[in-house]
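Trainee: Please take a close look at one part of this protein with me. I would like to see how a single part fits with the pieces around it.

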Amino acid sequence: MHDDTYWMRRALDLARRGLYTTAPNPRVGCVLVKDDVAVGEGWHQYAGEPHAEAHALRAAGDAAGGATAYITLEPCAHHGRTPPCADALIAAGIARAVVACRDPNPLVAGQGIARLRAAGIAVSENVCQAEATALNRGFFRRISTGRPFVTLKLAASLDGRTALANGDSQWITGAAARLDAHQHRLAADAIIAGTGSIIADNARLSARYPTDLPSRQPLRVIIDSRLQTLPDAAVFNEPTPILIACGETAPAPAYPAHAELLRLPLADGHIPLAALLDELGRRGINNALVEAGAGLAGAFLRAQLADEILYYLAPCLLGPDARPLAALPPLTNLSAKMQYTITDTTPLGPDLRLTLTPENPCSQAS
């Protein structure tokens, strides 16, 4: 006999199939089990389309009666773009529900589980809770704070340099690390870059990662307070949406129709990053990936707006005249250093990817 953990991990595997497509909704999987056999499976694919439970119930048909439903997130109990999943499970006659974690959305927030229990359905909670929470950390962050989960991507040499003094940086890291970075691009709902990267590297900001899963390109966000990005830049060649954060009075060139200007009041001549993240949250962005030069990287770090750092470390030295990792103020006391915890180390060809989180996170402060 398989236990609850076994079937919930199967539901989590299904949920991950929506890794690149579900925003602003969470990634959710569902398995219906009867007599230790899966009789129906489903996962949420796109916002506005049927939820995981609806797909699993449709696959199970009459076999759903008396089954146990393994669901990676509490079933919804409200009418949105789709009917309440809690009601569908009740109508199908399931006998038991196993839920990995509750939905923090105020429209749900325990109401789905309460509705199941009121219908006489036994409910078990918090099976594989940590895995389910990690899968939807961006959704949880946006619902609780109004801002996306922010990952700052950095790539540097052993001596913390990102490019030669003349700007040459292609390529410090190897092919495996660059492919991994494109996978993180595709999993993000938005990619944020400064105009310096767009101008210096003529970057496209697109996600070029091969996958058989449903996928769509993230929103490309350019921070350009004075609108210095030229309309013929390579970033405009692909027709997917672009958001350019600029000052309120910056004169606008004739950008293509798929580029939208977001005018914000400047703070000391710069785009206020917290206000930008607030706007991305309002637009349903759960996960934002920042790919920045030293100036913008330093700004995110100084403002404590990076929830996580992906640091691709290349085994080479570029010397003291090469460009630094982040523009940070000098310290006079070691106690003022920014301290991080390494939560993962992954070799990627000759390089090493470090995942770091701040020891005293304050990423959602204003």
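Mentor: We start with one helix, follow its contacts into a sheet, and then turn to a second sheet. Keep in mind throughout that this is a predicted model.

Begin with helix α1, which runs through residues 4-15. How far apart should its ends be? At 1.5 Å a residue, the 12 residues of α1 should span 16 Å. The C-alpha atoms at the two ends are 16 Å apart, so the expected and computed lengths agree.

Next, which residues of α1 are buried? They are Trp7, Met8, Ala11, Leu12, Leu14 and Ala15. These residues cover an arc of only 155° around the axis, so they lie on the same side of α1.

What does that buried set pack against? Its partners are β1 (29-34), β2 (37-43), β3 (68-71), β4 (96-99) and α5 (129-135). As for direction, α1 lies across β1, β2, β3 and β4 and runs at about 140° to β1.

Now look at the sheet under α1. The sheet is open and has five strands, in the order β2-β1-β3-β4-β5. The pairing is mixed. Strands of a sheet pair through backbone hydrogen bonds, and they can be parallel or antiparallel. Which strands stand at the edges? They are β2 and β5 (122-125). Each has a single partner strand, so one side of each is left without a neighbour in the sheet. From one strand to the next, the twist averages 15°.

Take one pair from this sheet. β1 and β3 are antiparallel, and four bridges join them. At one point along the pair, Leu32 stands opposite Ala69 in β3.

Stay with β1 and pick out Val33, which belongs to that strand. Is Val33 buried or exposed? Its relative accessible area is 7%, so Val33 counts as buried. Its contacts, leaving aside neighbours within four places in sequence, are Trp7, Ala38, Val39, Ala67, Thr68 and Tyr70. Trp7 is one of the buried residues of α1, and that links the helix to this strand residue. Tyr70 deserves a second look too. Val33 and Tyr70 are 37 residues apart in sequence, and their C-alpha atoms are 7.8 Å apart in space.

Another helix also lies on these strands. α4 (residues 111-118) lies across β4 and β5, and it runs at about 145° to β5.

One residue here carries a label from a record. An unreviewed UniProt entry lists Glu53 for "active site". Glu53 sits in helix α2 (residues 52-60). Its relative accessibility is 3%, so Glu53 counts as buried. Beyond neighbours within four places in sequence, Glu53 is in contact with Cys30, Ile71, Leu73, Pro75, Cys85 and Leu89.

Now for the other sheet. How many strands does it have? Nine strands form it, in the order β11-β10-β9-β8-β12-β6-β13-β16-β15. This sheet is open, with mixed pairing. Its edge strands are β11 (259-264) and β15 (340-348), and each pairs on one side only. The twist averages 25° from one strand to the next.

Look closely at β12, which covers residues 287-291. Five of its five residues are buried. In a regular strand, side chains alternate between the two faces of the sheet. Here, Asn287, Leu289 and Glu291 point one way from β12, while Ala288 and Val290 point the other way.

Which strands pair with β12? One of them is β6 (residues 149-156), which runs parallel to β12 and shares five bridges with it. In that pair, Lys153 has Glu291 of β12 as its bridge partner. Another is β8 (residues 190-194), also in the parallel sense, over three bridges. There, Ile192 is bridged to Val290 of β12.

Move to the β15 end of the sheet. Eight bridges join β15 to β16 (residues 351-358), and the two run antiparallel. In this pair, Tyr340 stands opposite Pro358 in β16.

Finish with the helices on this sheet. α6 (residues 137-145) packs on it and touches β6, β12 and β13 (308-313). The direction of α6 makes about 130° with that of β6. α7 (residues 175-187) also packs on the sheet, touching β6, β8, β12, β13, β15 and β16. Its direction makes about 160° with that of β13.

Methods: Residues numbered from 1 in each chain as written. Predicted model: local features only at pLDDT ≥ 70, side-chain atom pairs only at ≥ 80, totals over all residues. Heavy atoms only, no water. Expected span 1.5 Å × (residues − 1). Buried < 20%, exposed > 50% of the residue type's maximum accessible area, 1.4 Å probe, protein only. Arc of directions from axis to C-beta. Contact = heavy atoms within 4.5 Å. Pairing = 2+ DSSP bridges. Axes fitted to C-alpha atoms, helices over the stretch in contact; angles between N-to-C directions. UniProt positions renumbered as here; feature names shortened; annotations may be inferred.
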